[in-house]
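Here's a quick briefing to read alongside the sequence and the 3D view. Have a look at the structure, then work through the notes below.

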Amino acid sequence: MAVEELIRLESVSFAYGGRSPLFREINMVVRAGDRLGLVGPNGSGKTSLMHLIVGLLAPAAGRVRALGLELAGEVNLRKVRRRVGLLFQDADDQLFNPTVGEDVAFGPLNLGLDHDAVGEAVDRALSAVGMAGFGERLSHDLSGGEKRLAALATVLAMDPEVLLLDEPSAGLDPRARRELVALLGRIERTQVVSSHDMEFVRATCDRVVLLDGGSIIADGRTDEVLGDSELMLEHGLEVPYSIDAGVHGPHDHHHGAGVGHGHGHRRGHDTGEHAAVK
Amino acid sequence: MRLESDFSRGETPLHHLDGRARLVAAGVFALVVAVFLKETSTLTAALALAALLAALSRPSPMRLLRRMAAVNVFVLFLWLVLPWSTPGEAVWRLGPFSLREEGILLCAAVTLKCNAILLAMIALLATCELHELAAAMRRLGMPARLVVITFLCARYLHLIWEEGRRVRQAAELRGFVPRTSPATYRTSAGLVGSLLVRSHERAARVYRAMLCRGFSGSFPRAGARPLRVRDVLISGGIVAFAITSGAIDWLLRN
């Protein structure tokens with residue numbers, strides 16, 4: 001059965017004004033149920049790719065489609081942003097209301113929900129991230145981990161179909177990071193996670209895209225990409241310790257023992273197609 | 001710096017006053033006291049009302065005194081200068097200097113005005129959280145963009161302050177000691193420039209985060225509460241007092 005295609009980038013090129021291109025004709029597809037990790041060295045464009053997907057940046061060439069909509073025009077942008085939630089790298093950018101409850105309510109209010117529905121959305125989102133009862137807390141008084149969860153709640157309150165999570169584990173202590181891994185495992189939505197934390201990517205994603213030098217270098221199953229030491233070193237990354245140590249990844253059961261996928265994850269020129277996992 | 005004021009937590013009737021009622025009462029009171037009241041008697045009455053309102057809001061005495069001290073330091077400097085420099089009838093002489101009645105009256109008026117307005121603002125505005133005031137401004141018909149700018153300025157002042165502190169600390173950790181020298185001016189200009197760039201970048205990121213959650217130019221509010229009788233009575237009472245005292249002041253002067 002064909003899996004629904006949620007996001008498609010076709011021959012997308014992008015450059016920040018006056019600088020060399022960040023992306024050169026890249027192609028990528030995200031399908032329903034994907035848990036996709038975006039990895040790459042600093043400056044490889046992980047954050048920019050997410051901003052392209054929600055229309056905060058516009059490609060210089062090529063097309064970006066999300067949930068069947070072309071990312072052009074105010075109406076389409078609003079529809080896409082309603083259904084594709086972006087968690088920013090710095091939680092302080094996302095929390096701009098005085099209290100956590102008001103911050104979480106901001107999105108649902110913009111959706112035009114009535115008072116009761118907004119209240120329900122806030123409660124549901126705060127409960128989902130384990131912050132029930134934090135509604136009256138002042139956003140700027142939260143710890144780093146709490147801010148990260150509150151920011152995630154602001155996104156979940158919009159009830160998006162796709163979650164784009166930009167460096168979600170950055171700055172978290174091991175316990176908060178572990179709890180975030182468990183939380184993301186419980187959220188049954190398509191997720192795209194950008195991170196330098198390879199263990200975190202391995203724990204949360206079943207597919208990995210490696211970006212570098214304006215291209216998609218590899219797109220394949222998590223352990224196949226992250227476990228390729230030559231590839232990882234070549235692009236300034238490291239094989240996660242857990243792979244070196246032979247610890248089975250949480251998504252190993254999806255792999256079908258790697259039959260038919262072997263080392264076929266490297267991509268000279270991306271086609272936008274990959275073996276759907278779900 | 002905190003987003004809510006030191007006085008915003010409490011359960012007095014003033015803490016539950018509608019935002020619109022607060023803004024109207026505070027605005028009219030401050031305008032009348034600052035512009036129209038000239039007589040010591042009416043100014044004293046205004047100060048008495050403001051002090052009564054402040055007392056009703058039950059602030060922490062230490063916080064209130066600290067806030068009043070900050071304003072009255074400025075007033076103190078006026079007392080040191082104006083009575084000696086304002087033209088008028090001398091009431092006491094010290095060598096070549098004359099203490100003049102007009103200067104004393106002017107200082108008294110400034111002192112009464114400053115303290116009356118300060119106490120009224122603490123009682124009426126500081127007992128409210130900023131987002132409630134922003135919503136009230138919008139409901140009173142202020143342009144949405146202006147309300148958003150006001151709200152976000154206040155929201156991010158502390159972040160910019162923190163950013164500035166970090167930049168300064170980073171410089172100090174590498175041996176920077178402010179002096180009166182070209183090197184200090186150059187470094188200070190660099191620090192301010194860096195702060196402006198960082199603030200601008202943060203503002204852009206916050207705006208993007210807002211766009212991602214459906215922001216379309218104004219803060220939506222759920223369940224705007226209708227004005228209650230108590231709101232109208234308190235606000236109306238303050239406005240009536242201000243107008244009446246303005247009229248009495250005018251009659252006393254004519």
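Right after H6(B) comes Gly175(B), with a positive phi near 90°. Keep in mind that this is a predicted model. The notes below start with that helix and then move on to where chain A meets chain B.

**Helix H6 of chain B**
- H6(B) covers residues 144-173, which is 30 residues.
- At 1.5 Å a residue, the helix should span 44 Å, and its end C-alpha atoms sit 43 Å apart, so the two values agree.
- There's a bend in H6(B) all the same: about 40°, at Tyr156(B).

**How much of A and B meets**
- On chain A, 29 residues are in contact with 29 residues of chain B.
- About 2700 Å² is buried between the two chains, and carbon and sulfur atoms give 57% of that.
- Within chain A, the residues that lose the most area to chain B are Asp93(A), Phe96(A) and His140(A), together 24% of what that side buries.

**Charged and polar pairs across the interface**
- The rule finds four salt bridges between chain A and chain B.
- Asp93(A) pairs with Arg205(B) in a salt bridge, where the closest N and O atoms are 2.6 Å apart.
- Six residue pairs are in polar contact across the interface, with both partners at pLDDT 80 or more.

**What chain A brings to the interface**
- Helices H2 (74-83), H3 (91-94) and H4 (100-110) of chain A each give two or more residues to the side touching chain B.
- H4(A) supplies the largest share, six residues.
- By class, that side of chain A has 12 nonpolar, nine polar and eight charged residues.

Key: Residues numbered from 1 in each chain as written. Chains lettered and ligands numbered in written order. Predicted model: local features only at pLDDT ≥ 70, side-chain atom pairs only at ≥ 80, totals over all residues. Heavy atoms only, no water. Contact = heavy atoms within 4.5 Å. Buried area = accessible area lost by both parts, 1.4 Å probe. Salt bridge = Lys/Arg side-chain N within 4 Å of Asp/Glu carboxyl O. Polar contact = N/O pair within 3.5 Å; in protein donor to acceptor, adjacent residues only side chain to side chain. Helix = DSSP H or I, 4+ residues; strand = E, 2+ residues; numbered from the N terminus. Nonpolar A, V, L, I, M, F, W, Y, C, P; charged D, E, K, R; others polar. Expected span 1.5 Å × (residues − 1). Bend = angle between axes of the 7 residues up to and from the residue.
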